[in-house]
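Q: Could you take me through one part of this protein slowly, as if I were seeing a structure for the first time? I would like to know how that part sits among its surroundings.

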Amino acid sequence: MSIKIHQSRRKALQEEFSKPYFLQILETLKDKKTTGEIIYPEEEDIFAAYDLCPLDDLKVVILGQDPYHWPWQAHGLSFSVRKWVKTPPSLRNILSEVESDKPPESALSHSKPSTGGNSGFWWRNGDLTRRAHQWVLLLNSVLTVTQWQPASHSMIGRQEFTDTTIKIISEYKEWVVFLLRWTYARSKKDLIDTSKHLVLEASHPSPLSAYRWFLGCRHFSQTNTYVTSRWFDPIDR
């Protein structure tokens with residue numbers, strides 16, 4: 001399995017690609033595919049978050065767990081699905097919170113809520129690619145998954161690579177907002193220098209936990225307040 005990531009995005013993480021743990025990950029994924037396992041996302045999309053949001057430019061990190069394990073859903077961006085795919089429940093809650101937390105003067109979304117169907121509030125569907133183009137790193141802690149088996153790749157070492165990503169962002173950048181949503185994601189706070197970055201923690205947006213500590217958290221308006229105070233331009237300006 002090859003590493004399909006744009007050359008301009010590889011520089012900051014170049015050393016990781018030759019380390020034993022990373023080479024073992026590639027071998028494990030190759031072996032799984034050889035035995036007939038269906039792995040998501042497609043090989044060309046595994047590093048989509050890195051491709052679409054250069055580390056030099058990012059302002060926000062949204063950390064997810066692992067890719068969707070249903071067919072057609074995962075495309076390399078945490079919580080996102082293609083625009084023609086039915087919006088999953090967790091993402092619907094995210095879109096709902098975006099809409100309810102949208103102050104007139106600074107918004108993460110300018111689209112009105114849809115009136116029904118399976119579209120969401122963000123750009124009227126669940127495709128968050130536009131946000132990746134606006135300096136939001138939509139990163140999953142684990143970058144791959146086997147079809148129908150959630151968290152099936154959580155033990156093959158991907159976290160070491162994404163943990164290194166978080167450390168690099170924390171060390172070499174300033175004024176980044178980290179949105180950590182679920183217990184495991186919040187454990188990554190120890191990798192972040194909170195003296196120069198903003199960390200916002202909440203429960204997972206799934207229907208099982210969204211009402212505990214996600215809906216109503218107002219993290220999107222807080223994010224844009226912070227972003228505009230440091231970077232001037234809000235997300236989705």
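A: Let's start with helix α6, which is mostly covered: eleven of its 15 residues are buried. Here, buried means under 20% relative accessible area, exposed means over 50%, and partly exposed lies in between, using a 1.4 Å probe and protein chains only. Helices are DSSP runs of H or I with at least four residues, strands are runs of E with at least two, and both are numbered from the N terminus.

A word on what you are looking at: this is a predicted model, where local features need pLDDT of at least 70, side-chain atom pairs count only at pLDDT 80 or more, and totals for chains, interfaces and linings use all residues. Residues are numbered from 1 along each chain as its sequence is written, and side-chain values use heavy atoms, with hydrogens and water left out.

Now back to the helix. α6 runs through residues 158-172 and reaches 22 Å from its first C-alpha to its last, close to the 21 Å expected at 1.5 Å a residue; the expected span is 1.5 Å times one less than the number of residues. Among its buried residues are Arg158, Phe161, Asp163, Ile166 and Ser170. What covers the buried residues includes the helices α2 (20-34), α3 (48-52) and α7 (183-186), along with the strands β2 (60-64), β3 (136-140) and β5 (177-181).

Follow Phe161 and you meet an aromatic cluster, formed by Phe17, Tyr21, Phe22, Phe47, Tyr50 and Phe161. Rings of Phe, Tyr and Trp (its six-membered ring) pair if their centres lie within 6.5 Å; planes under 30 degrees apart are stacked, over 60 edge-to-face, and the rest tilted. By this rule there are ten aromatic pairs. Take phenylalanine 17 and phenylalanine 22: their ring centres are 5.2 Å apart and their planes are at 65°, so this pair is edge-to-face. Both residues are also buried, phenylalanine 17 with a relative accessible area of 6% and phenylalanine 22 with 0%.

Two members of that cluster, Phe47 and Tyr50, appear again in the lining of the second largest cavity. On a 1 Å grid over the protein atoms alone, a cavity is a set of points where a 1.4 Å probe fits but cannot get out, and lining residues have an atom within 4 Å of a point. Grid points are joined across faces, edges and corners, and a volume is the space filled by probe spheres set on the points. The second largest cavity holds about 60 Å³ of space. The elements that give two or more residues to its lining are α3 and β3, and β3 has the largest share, with three residues. You met α3 and β3 earlier, among the elements that cover the buried residues of α6. By class, the lining of this cavity has nine nonpolar, two polar and no charged residues; Ala, Val, Leu, Ile, Met, Phe, Trp, Tyr, Cys and Pro count as nonpolar, Asp, Glu, Lys and Arg as charged, and the others, Gly among them, as polar.

Finally, step back to the whole protein. It has nine helices and six strands, and buried residues make up 57% of its 237 residues.

Conventions: Contact = heavy atoms within 4.5 Å. 1 Å grid on protein atoms, 1.4 Å probe; cavity = no way out; pocket = protein on both sides within 12 Å on 5 of 7 lines; lining within 4 Å.
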